[in-house]
Amino acid sequence: MTTPVDGSKAAVQDTVPEATNGGAALPADLQDERLIASHGLGGAVSAFTARLRTGDLGSVPVVVGLVIIWAVFQISNSNFLSSRNLVNLTLQTTSVGVIAIGIVLVLLLGEIDLSVGSVSGLAAAVLGVTFVNEGWPLVLSLVAGAGLGLVIGLFYAALYNRFGVPSFVITLAGLLGFLGLQLLVLGKEGSLNLPFDSALVGFATRSFLSPALAYGLIAVVVAVYVLTRLRGRGARAAAGLSAAPTSMIAIKAGALALVLLVPVLVLNGDRGVSSMFVLFLVLVVATDFAIRRTRWGRSVMAVGGNVEAARRAGINVRFIYLSVFAACSTFAAVGGLLAAARLVAVNQSSGGADTNLNAIAAAVIGGTSLFGGRGSAYSALLGALVIMSISNGLALLSLDSSVRYMVTAGVLLVAVTIDSLSRRSRQAHGRA
C-alpha cells in the first residue's frame with residue numbers, strides 16, 4: 001500500500017509542465033521533489049501552497065492556533081510569556097505529552113485507547129507503594145510501573161487480535177478496571193508522598209540544562225540535520241534522482257536553529273530547559289523516526305490507511321496491533337510516573353480527572369487524524385502545548401476549571417472539523 005504523502009499535481013501544473021512516466025502522471029510527492037530541485041525556494045513555496053489547496057494541512061492549523069492562544073493570553077496577562085511561566089508550562093506539558101505519544105500511535109491505526117489515564121495512575125500507584133512502602137530500589141520501582149503498562153498493552157492486543165473486540169470497548173473496560181486496581185493498590189491511605197530528595201523527584205522538579213549545554217545541544221541537532229540531509233542528497237544524486245539544492249538545506253537548517261534557539265533563550269531567562277522536557281522531546285523525535293524511517297512505522301501507516309490492503313501486501317497486521325497497543329500503554333505508564341514525580345505524590349486522583357481528555361485531545365488537536373493513516377509524533381508535542389497553554393493561561397486569569405473544559409472542548413471540536421474537511425478535500429483531489 002502507498003501512503004499519501006506531501007505533494008500536489010495541481011501545483012506542478014500551475015508552475016511547470018506535468019511530469020510523466022510512460023504517459024502516466026508521476027506521484028505528487030515526486031512532482032514536488034522535482035519542483036523543489038528545479039526551482040529551489042520558489043518551488044518549495046509552490047509545493048506547500050498546493051498541499052494546502054488539496055487539504056493536506058499538516059501542522060499549519062495547530063501552529064496558527066497556538067500563536068493565537070499565546071497572543072490572547074499575553075494580551076490578557078503580561079506574565080504569560082514570561083520566562084518563569086514558560087518554564088512552568090514545559091513542566092506541565094511533559095507528562096500529558098508523553099501519554100499523547102501513545103495515543104498518536106493508536107490513532108494512526110484508526111483505533112483508540114480510553115484507559116491511558118487509569119493506566120498512568122496505576123503505574124504511579126505501583127511506583128509509590130513499592131518505592132515508599134516496600135522499600136524497593138527506585139530503578140526497580142520504575143521498571144515495575146512501566147512494565148505494568150507494557151503488560152496491559154499486550155493484554156489489550158491479545159483481546160483485539162484473538163476475539164476481535166473493538167478497542168473502544170476493551171479500553172473502556174480497562175479504564176474502569178484499572179482505576180479500581182489503582183484504588184486497591186493504594187489501600188486505605190489513598191495517598192503517598194514521594195521522598196523529595198529522591199533522584200526521580202529531583203529529575204522532574206530541579207534538573208535543568210545549563211545554558212552552555214542547551215546551546216551545545218542545539219548546535220549538535222542542527223549539525224546532524226545538515227549532515228543527514230547532505231548525505232541523503234548525495235545518495236539521490238548518485239542514483240540519478242532529483243535532489244533538493246544545498247541552498248534549501250541551508251534555509252531549513254537556519255529555520256530549525258531559529259526555532260530551537262528562541263525558546264531556549266527565553267527559558268534560560270529563568271531556570272532553563274527542564275531535563276524532563278528534554279526527555280519528552282527525545283521520545284517525540286525517536287517515535288517520529290520510527291514512524292517515518294522504519295519498516296515498522298511504514299507498516300503502521302499502511303494498516304491505518306487500509307488494513308485489508310496491508311494484509312494482502314504481506315504485513316503482519318496482528319503484530320502491528322500488538323506492538324502499537326503495547327507502546328501506547330507503556331507511554332501512558334511512563335507519563336504517569338513523570339506526573340507523580342513532578343507532583344511529588346501519588347493519590348487516588350492520579351491519572352484521573354481530565355488526564356484522558358487532555359491526552360486524547362492533544363493528539364487530535366496536534367493534527368493526528370481520527371480516521372487513521374495520517375499523523376506524526378510531533379502532534380503530541382504541539383497538541384500538548386495547546387492543551388496546557390489553555391490550562392495555564394486560564395489559571396493566570398484566575399478562571400476556574402469550568403471555563404477551561406468549555407474552551408478545550410471548543411478547540412477539540414474545531415480540530416476534528418478541520419480534520420474532516422481536509423479529508424474530504426484530499427478525497428476530492430485523489431489524495432485521501
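The following exchange discusses a predicted model of one protein chain.

Trainee: What average pLDDT does the protein chain have, and over which residues is the pLDDT below 50?

Mentor: The protein chain averages a pLDDT of 86, and 85% of the residues score at least 70. One stretch falls below 50 in pLDDT, although it has 60 contacts in the model beyond near neighbours in sequence. Where pLDDT is low, the predicted coordinates should not be read in detail. The average is 86, and the stretch below 50 is residues 1-27.

Trainee: How many helices and strands does the protein chain have, and what share of its residues is buried?

Mentor: The secondary structure comes to 18 helices and 4 strands. The protein chain has 432 residues, and the buried share of these is 45%.

Trainee: Among contacts between residues at least 6 apart in sequence, what percentage join residues at least 24 apart?

Mentor: This value concerns contacts in the protein chain and leaves out pairs that are under 6 apart in sequence. Of the contacts that remain, the share joining residues at least 24 apart is 77%.

Trainee: Is helix α16 largely enclosed or exposed, and how many of its residues are buried?

Mentor: Helix α16 spans residues 355-365 and is largely enclosed by the rest of the structure, because nearly its whole length is buried. The buried residues include Thr355, Asn356, Asn358 and Ile365. Just after α16, Gly367 takes a positive phi of about 120 degrees. The count of buried residues in α16 is 10 of the 11.

Trainee: How far does helix α6 reach from its first C-alpha to its last?

Mentor: Helix α6 covers residues 116-133, which gives 18 residues. At 1.5 Å a residue, the expected span is 26 Å, and the model comes close to it. The helix is mostly covered, with 16 of its 18 residues buried, and Gly135, with a positive phi near 75 degrees, follows. The reach of α6 is 25 Å.

Trainee: Is Thr90 buried or exposed, and with which residues is it in contact beyond four places in sequence?

Mentor: Thr90 lies in helix α5, residues 83-108. Its relative accessible area is 8%, which is under the 20% cut-off, so Thr90 is buried. Leaving aside neighbours within four places in sequence, Thr90 is in contact with Leu267 and Phe277.

Trainee: Which residues make the nonpolar surface patch of about 250 Å²?

Mentor: One of its members, Val72, is in helix α4, residues 60-76. Val72 has 46% relative accessibility and therefore counts as partly exposed. The patch is made by Val64, Ile68 and Val72.

Note on methods
Residues numbered from 1 in each chain as written. Predicted model: local features only at pLDDT ≥ 70, side-chain atom pairs only at ≥ 80, totals over all residues. Heavy atoms only, no water. Helix = DSSP H or I, 4+ residues; strand = E, 2+ residues; numbered from the N terminus. Expected span 1.5 Å × (residues − 1). Buried < 20%, exposed > 50% of the residue type's maximum accessible area, 1.4 Å probe, protein only. Contact = heavy atoms within 4.5 Å. Patch = residues over 30% accessible without salt bridge, like charges linked within 9 Å, V, L, I, M, F, W, Y side chains within 5 Å. Areas by Shrake-Rupley, 256 points an atom, 1.4 Å probe, with all protein chains shown as cover. Salt bridge = Lys/Arg side-chain N within 4 Å of Asp/Glu carboxyl O. pLDDT = per-residue confidence, 0-100.
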